[in-house]
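Visitor: I am new to this structure. Please take me through one part of it closely, the largest pocket and the strands around it.

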Amino acid sequence: MKLSARNQFKGTVVEIQEGAVNGIVKIDIGGGNVMVSTISMNAIKELGLEVGKSAYAVVKATSVMVGIDE
């Protein structure tokens with residue numbers, strides 16, 4: 001797999017919450033970090049995502065917000 005996005009994190013699918021149209025996929029990328037993404041149920045099925053399978057979390061963003069507690 002080749003992508004232009006530089007932020008690619010390989011991990012293991014640890015949870016899939018299925019909805020009517022979209023699903024929430026959680027990928028454990030190690031070190032106690034879990035990436036969460038909402039994608040279509042069609043994409044989940046097309047990719048064959050299942051708990052325990054390997055997958056990549058790919059982050060491509062035009063901006064990242066930063067905040068602090070007051």
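Guide: Here is the pocket, after a short look at the chain that holds it. Keep in mind that this is a predicted model.

Start with the whole. The chain has 70 residues, and 16% of them are buried. It contains 4 strands and 1 helix. Read from the N terminus, the order is β-β-β-α-β. The C-alpha trace spans about 40 × 30 × 25 Å along its principal axes. The chain exposes about 5,600 Å² of surface, and 51% of that comes from carbon and sulfur atoms. Now take the contacts between residues at least 6 apart in sequence. Of these, 43% join residues at least 24 apart.

Next, the pocket itself. The largest pocket holds about 330 Å³ of space. Its lining is made of 14 residues. Closest to the centre are Ile-27, Ser-37, Tyr-56, Ala-57 and Val-58. What kinds of residue form this lining? There are 12 nonpolar residues and 2 polar ones. None is charged.

Which strands supply the lining? At least two residues come from each of β2 (22–30), β3 (33–40) and β4 (54–59). The top contributor is β4, which gives 6 residues.

Two of these strands, β2 and β3, are partners. They pair in the antiparallel sense over 8 bridges. They also form a hairpin, with 2 residues between the strands. Gly-31 sits in that turn and has a positive phi of about 65°. Look along the pair for residues that face each other. Val-25 stands opposite Ser-37 in β3. That same Ser-37 is among the residues closest to the pocket centre. Lys-26 stands opposite Val-36 in β3.

Lys-26 also leads to the other neighbour of β2. Its bridge partner there is Glu-15. The strand in question is β1, residues 7–18. β1 and β2 pair in the antiparallel sense over 6 bridges. A hairpin of 3 residues joins β1 to β2. So β2 has β1 as one partner and β3 as another, with strands as defined by their DSSP runs.

A general point helps when you look at any of these strands. In a regular strand, side chains alternate between the two faces of the sheet.

Finally, follow the chain towards β4. Val-51 lies in the loop between α1 (41–47) and β4. Is Val-51 buried or exposed? It counts as exposed, because its relative accessibility is 56% and the cut-off for exposed is over 50%. Even so, Val-51 has contacts with residues far back in the sequence. It touches Val-13, Val-14, Glu-15 and Ile-16, leaving aside residues up to four places away in sequence. One of these, Glu-15, is the residue that bridges to Lys-26 in β2. Thr-12 is another point of reference. Val-51 and Thr-12 are 39 residues apart in sequence, yet their C-alpha atoms are 7.5 Å apart in space.

Technical notes
Residues numbered from 1 in each chain as written. Predicted model: local features only at pLDDT ≥ 70, side-chain atom pairs only at ≥ 80, totals over all residues. Heavy atoms only, no water. 1 Å grid on protein atoms, 1.4 Å probe; cavity = no way out; pocket = protein on both sides within 12 Å on 5 of 7 lines; lining within 4 Å. Points joined across faces, edges and corners; volume = space filled by probe spheres on them. Nonpolar A, V, L, I, M, F, W, Y, C, P; charged D, E, K, R; others polar. Buried < 20%, exposed > 50% of the residue type's maximum accessible area, 1.4 Å probe, protein only. Contact = heavy atoms within 4.5 Å. Areas by Shrake-Rupley, 256 points an atom, 1.4 Å probe, with all protein chains shown as cover. Pairing = 2+ DSSP bridges.
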